[in-house]
Amino acid sequence: MAGTVDLLKLSTVTSAQKAAEASIQTAHYSPPWADMSIIGVAGSSGSGKTSLAIEIIKSLNLPWVIILSIDSFYKSLTPEQNALAHLNEYDLDSPDSIDFDLLVEKLNDLKQGKRTDIPIYSFQQHQRLEKTVSIYSPHVIILEGILALNDPRVLDLLDMKIYVEADSDVCLSRRIVRDVRERGRTIEGTIKQWFRYVKPVFQRYVEPQREVADLIVPRGMQNTMAIQMIVNQVRQILKEKSSRHNAELERLGQQLEDFALSENAMILEGKPQISGVSTILRNPITSHLDFVFYFDRLTALLIEKALDCHNYISTNVTTPQGYTYSGLKPKGKVSAVVVLRGGSCMEAGLKRTIPDCLTGRLLIQSNYRTGEPQLHYLTLFPDLAEHETVMLLDPQMSSGGAALMAVKVLVDHGVCEARIVFVTFMAGRRGLKRLLSVFPKIKVVAANVVEDGEKRWLEERYFGC
């Protein structure tokens, strides 16, 4: 009978574990840039497409809107084609000169929120350079080029299609100035290319794009009314995306009331030293000097605990007395990524524990109007994906929105989820559940678990401002 009861208990536990695992699998988080919008701007060469795109960005005054030029996707030329191009006898304006397959691939990556590398094309050499430009997390991309509305696959990805009109004589004069100043061409060569290739391509491929455009803009950047219309539409799109992102975060929190924390959450509260230091830090009469001293001490303890999550390999060393000692040595690199600005409080404790630790930076701030976490800046090591352990440092985690975004950034840059250790002083209960439900393989090291919604105060006490 006892055996039957034990089997029943085991079955109940197993079912509960399966249910918990199933809930983990269904938890999902999409950062704001995974719902990126693309605006296509086409028009004749010299019509003012780039100037219009720059004016749109200036009017928006946001850090997440970028220009992507189709010129970056010119195909590299063979030696024979290159020689003709330098003689202005090769067609660089027809659709065949653009690598649309690569363009569509990169746009799809960005639409899915992935980091991607954009080629750099040299018009002086008529070749792609080995160097590339990395793009990650834009909310809006303005895709500009004479054939931005030509390929059907690109059209399917566009949220807004714009065609810029300008007088042909104005376009020719602008092209002459640009090619002579920026591309090392001669006036004669530019005029020759215009009448031999550019004008026929305009009539055959460029002008028909007017038919698929949502908005035709005459006079380019001088058309302030059209620019304001575009800016208002983009702002509305971003507002709707922000609302959807916040609603998704709220739903995620509501679904996790009964979610049980896994063993990957290592909470140090309850231990005498942790409780003692936490009491000193929370005491409003603690002096600034003492606060910094005890917080650095606590950070060192958290980092030491995080190092328990690192992988080690067996090794033997010979002591000065000639004995052989069997021990362990770290497997691979340990690095840290600081979530600014609060994470900077933890760097002194980090360097005290690992003096030569490689350290990256993320700046994630919540919008004061909507509360939505926003990625403003990142600098990460190129080989970060190869590091054995990556510690993510943020002294306070309340709702978990910024933590979810920070972990997502590391995963998108190739860091294995199981190698990430999130280190914090205070973790909100719901935020901790959100983080571990979306990324169940990461480890979390925290000194205390607190109630949701506690205001951030640590960095103000630590820095004094």
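Colleague: What share of the 465 residues in the protein chain is buried?

Modeller: In this model, which is predicted, buried residues account for 49% of the 465 residues in the protein chain.

Colleague: And how many helices and strands does the chain have?

Modeller: The protein chain has 14 helices and 17 strands, and its C-alpha trace spans about 90 × 60 × 60 Å along the principal axes. Among contacts between residues at least 6 apart in sequence, 73% join residues at least 24 apart.

Colleague: Which element has the lowest mean pLDDT, and which the highest?

Modeller: Helix α1, covering residues 2-26, has the lowest mean pLDDT at 44, while strand β14, covering residues 389-393, has the highest at 94. Taken over the whole protein chain, the average pLDDT is 82, and 90% of the residues score at least 70.

Colleague: Back to the start of the chain, then: how many contacts does the model have for residues 1-25 beyond four places in sequence?

Modeller: For residues 1-25, over which pLDDT stays under 50, the model has four such contacts. Where pLDDT is low, the predicted coordinates should not be read in detail.

Colleague: Changing topic to the cysteines, how many disulfides does the structure hold?

Modeller: The structure holds zero disulfides.

Colleague: Why is there no bond from Cys309 to the closest cysteine sulfur?

Modeller: The closest cysteine sulfur to that of Cys309 belongs to Cys416 and lies 14 Å away, which is too far for a bond, given that a disulfide needs the two sulfur atoms within 2.5 Å. Cys309 itself counts as buried because its relative accessibility is 17%, and the cut-off for buried is under 20%.

Colleague: What about Cys357, buried or exposed?

Modeller: Cys357 is buried, with a relative accessible area of 4%. Its sulfur has the sulfur of Cys309 as the closest one from another cysteine, and at 14 Å that is again too far for a bond.

Colleague: Which residues are buried in α13?

Modeller: The buried residues in α13 are Gly431, Leu432, Lys433, Arg434, Leu435, Leu436, Ser437 and Val438. That makes eight of the ten residues of this helix, which runs over residues 429-438, so α13 is largely enclosed by the rest of the structure.

Colleague: Last topic, the surface and the charges: how much area does the protein chain expose, and how far apart are the mean positions of its positive and negative charges?

Modeller: The protein chain exposes about 23,000 Å², of which carbon and sulfur atoms supply 53%. As for the charges, there are 53 positive and 54 negative ones, and their mean positions are 2 Å apart.

How values were computed. Residues are numbered from 1 along each chain as its sequence is written. This is a predicted model: local features need pLDDT of at least 70, side-chain atom pairs count only at pLDDT 80 or more; totals for chains, interfaces and linings use all residues. Side-chain values use heavy atoms; hydrogens and water are left out. Helices (H or I, at least four residues) and strands (E, at least two) are DSSP runs, numbered from the N terminus. Buried means under 20% relative accessible area, exposed over 50%, partly exposed in between (1.4 Å probe, protein chains only). Contact means heavy atoms within 4.5 Å. Accessible areas come from the Shrake-Rupley method with a 1.4 Å probe; for residues, only the protein chains shown count as cover. Lys and Arg count as positive and Asp and Glu as negative; His and the chain ends are not counted. The place of a charge is taken as NZ of Lys, CZ of Arg, CG of Asp or CD of Glu. pLDDT is the predictor's confidence in each residue, from 0 to 100.
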